[in-house]
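Reader: Could you walk me through this protein slowly, since I am new to reading structures?

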Amino acid sequence: MDTFADLMAMLTQKNLQVGIQALQQGRVRAPVVEYITQLAMKFVRLEPPVFTGTDPTANPQDFLEEVEKATTLLGVKDYWVVRLATYQLKDIADL
């Protein structure tokens, strides 16, 4: 499993790649990319839960409530709450 630092590096690199692509294609302005990158980094720093769908004892409602707490703390708008929650889905839950 990756360390927190590895995860942050991967997240930052991926966000930068996506952001650069979006800028080159004229789909988004630079301030939006910066906001999204900062938001994702802050969200990951809060260490929200990961939901895999493979643990029969894991309650999806608990996952959603923890993500909601983190996103509320960050003042995230509805659309981005869904995007950030989706980022935390892994394994079977991410199909």
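Author: We can go through the confidence, the core, and then a few side-chain pairs.

Reader: How sure is the model, to begin with?

Author: This is a predicted model, and the protein chain averages a pLDDT of 81, with 78% of the residues scoring at least 70.

Reader: And which helix has the lowest mean pLDDT, and which the highest?

Author: Among the elements of the chain, helix α1, covering residues 4-24, has the lowest mean at 67, while helix α3, covering residues 60-74, has the highest at 93.

Reader: Okay, what about the inside: which residues make up the largest nonpolar core?

Author: That core has ten residues, namely Leu-39, Ala-40, Phe-43, Phe-51, Phe-63, Val-67, Ala-70, Val-76, Leu-84 and Ala-85. The elements that each give two or more residues to this core are α2 (30-45), α3 and α4 (78-87).

Reader: Why would they gather like that?

Author: As a general tendency, nonpolar side chains in soluble globular proteins are apt to be buried together.

Reader: Where does Thr-71 sit, and is it buried or exposed?

Author: Thr-71 is in helix α3, and it counts as buried because its relative accessibility is 2%, which falls under the 20% cut-off. Leaving aside neighbours within four places in sequence, Thr-71 is in contact with Phe-43, Val-76, Val-81 and Leu-84.

Reader: Switching topic, how many salt bridges are there?

Author: A search of the whole structure finds one, and it joins the side chains of Lys-69 and Glu-66 at 2.9 Å, N to O. These two residues are three apart in helix α3, so about one helical turn separates them.

Reader: Are those two buried or exposed?

Author: Lys-69 is exposed, with a relative accessible area of 54%, whereas Glu-66 counts as partly exposed at 37%.

Reader: How many aromatic pairs are there, then?

Author: The count comes to two. In one of them, Phe-51 and Phe-63 are tilted, at 5.6 Å centre to centre with 40° between the planes. Phe-51 lies in the loop between α2 and α3 and Phe-63 in helix α3, so the pair ties together parts twelve residues apart in sequence, and both residues are buried.

Reader: What is the pair of Tyr-79 and Trp-80 like?

Author: The ring centres of Tyr-79 and Trp-80 are 4.8 Å apart and the planes are at 80°, so this pair is edge-to-face. Tyr-79 is partly exposed, with a relative accessible area of 49%.

Reader: And what lies over the face of Tyr-87?

Author: Lys-90 does, at 4.5 Å from the ring centre.

Methods: Residues numbered from 1 in each chain as written. Heavy atoms only, no water. pLDDT = per-residue confidence, 0-100. Helix = DSSP H or I, 4+ residues; strand = E, 2+ residues; numbered from the N terminus. Core = buried A, V, L, I, M, F, W, Y, C linked by side-chain atoms within 4.5 Å. Buried < 20%, exposed > 50% of the residue type's maximum accessible area, 1.4 Å probe, protein only. Contact = heavy atoms within 4.5 Å. Salt bridge = Lys/Arg side-chain N within 4 Å of Asp/Glu carboxyl O. Phe/Tyr/Trp six-rings, centres within 6.5 Å; stacked < 30°, edge-to-face > 60°. Lys NZ or Arg CZ within 6 Å of the ring centre and 35° of its normal.
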